[in-house]
Amino acid sequence: MSALLLMLAGCSSDDENGGETISPSVQMADNTLLVSKDGDAVAESYPVTSSGFYIDAMPVVGSNGPSFIFHCSFDSPDVKELVFCIINLKKDADAFRVGEIFPSDQLNAILKPRKETEDYFYNSTQGSIKLVDKKKADGKDILTFELDELAFEGGYTINGRVDFEYGGTVY
């Protein structure tokens with residue numbers, strides 16, 4: 001099923017919130033997320049409005065590396081941001097290799113709801129993230145990840161391909 005969602009090629013109408021209904025036969029663009037809720041066969045397509053990553057280099061006892069924190073915002077009416085952390089697996093951005101797959105048990109991934117009154121986030125329960133491209137632009141690392149059937153509490157499933165630009169190191 002994940003291959004079907006990523007190999008999309010025909011769409012239906014735009015909704016009033018800027019999302020686009022996608023059927024499993026439409027080619028999805030880069031920096032776009034497909035969001036489905038409660039196992040719907042049809043997903044809504046939302047362009048990523050901002051994305052980036054930074055390195056949290058705060059030393060942690062027993063840690064063999066820093067945390068890499070990736071975030072991207074999009075204009076879904078229900079959820080506004082995806083954040084995932086790859087913790088203690090890499091020493092620096094150069095250690096990431098194209099083709100590497102990070103299953104949900106190697107990630108801490110959350111979705112932040114748009115409404116302030118809802119729980120602060122939904123945790124991921126399954127799926128994976130694969131590094132599909134790695135490049136430099138204007139001296140900054142850009143890592144492109146493909147999200148494959150990344151499922152979250154609350155019934156959300158995210159698929160897509162997003163470029164994350166390095167934004168710095170924090171301590």
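## A first stop: N108

Which residues does N108 touch, not counting residues up to four places away in sequence? In this predicted model, the answer is V83, F84, C85 and I87. You can find N108 in strand β8, which covers residues 107-113. V83 is 25 residues apart from N108 along the chain, and their C-alpha atoms are separated by 8.2 Å.

Is N108 buried, exposed or partly exposed? Its relative accessible area is 38%, so N108 is partly exposed. One of its contacts, F84, has a relative accessibility of 1% and therefore counts as buried. We will meet F84 again further on.

## How the strands pair up

From β8, let us move to its partner. β8 and β9 run antiparallel and are joined by two bridges. Within this pairing, L111 has Y122 of β9 standing opposite. Strand β7, made of residues 101-103, also pairs with β9 in the antiparallel sense, this time over three bridges. Here P103 stands opposite S128 in β9.

Strand β9 spans residues 122-137, and 11 bridges join it to β10 in an antiparallel arrangement. To trace this pairing on the model, look for A137 opposite K140 in β10, and for D133, whose bridge partner in β10 is T144. The two strands form a hairpin with two residues between them. In that turn, D138 has a positive phi of about 50 degrees.

## Strand β10 and its other neighbour

T144 is a handy residue to follow, as it takes us on to the next strand. It is the bridge partner of D133, and it also stands opposite D163 in β11. Strand β11 covers residues 156-170 and pairs with β10 in the antiparallel sense over eight bridges. β10 and β11 form a hairpin too, with three residues between them. G154, in the turn, has a positive phi of about 90 degrees.

How many of the 13 residues of strand β10 are buried? The count is 11, so this strand, residues 140-152, is largely enclosed by the rest of the structure. As for strands in general, the side chains of a regular strand alternate between the two faces of the sheet.

## The nonpolar core

Now let us look inside. The largest nonpolar core has 32 residues, and the members that touch the most others are F70, F84 and F145. Many strands take part: β3 (32-37), β4 (43-56), β5 (67-74), β6 (79-87), β8, β9, β10 and β11 each supply at least two residues of this core. Which strand gives the most to it? That is β10, with five residues.

Two of the well-connected members are worth a look for their burial. F70 has a relative accessible area of 0%, which puts it under 20% and is why it is called buried. F84, at 1%, falls under the same limit and so is buried as well.

## Rings that pair

Aromatic rings give another way to explore the model. A search of the whole structure finds 15 aromatic pairs. One of them joins F53 and F70: the ring centres are 5.0 Å apart and the planes meet at 25 degrees, so the pair is stacked. It links distant parts of the chain, with F53 in strand β4 and F70 in strand β5, 17 residues apart. Both F53 and F70 are buried.

F70 also pairs with F84, and this pair is stacked, at 4.8 Å centre to centre with 10 degrees between the planes. Because F70 lies in strand β5 and F84 in strand β6, the pair ties together parts that are 14 residues apart in sequence. Which residues do ring pairs link into a cluster? They are F53, F68, F70, F84, F96, F102, F145, F164 and Y166.

## Lysines over rings

To finish, here are two places where a lysine lies over the face of a ring. K37 does so with Y156, at 4.6 Å from the ring centre. K90 lies over the face of F96, at 5.7 Å from the ring centre, and F96 is among the residues in the ring cluster.

Note on methods: Residues numbered from 1 in each chain as written. Predicted model: local features only at pLDDT ≥ 70, side-chain atom pairs only at ≥ 80, totals over all residues. Heavy atoms only, no water. Helix = DSSP H or I, 4+ residues; strand = E, 2+ residues; numbered from the N terminus. Buried < 20%, exposed > 50% of the residue type's maximum accessible area, 1.4 Å probe, protein only. Contact = heavy atoms within 4.5 Å. Pairing = 2+ DSSP bridges. Core = buried A, V, L, I, M, F, W, Y, C linked by side-chain atoms within 4.5 Å. Phe/Tyr/Trp six-rings, centres within 6.5 Å; stacked < 30°, edge-to-face > 60°. Lys NZ or Arg CZ within 6 Å of the ring centre and 35° of its normal.
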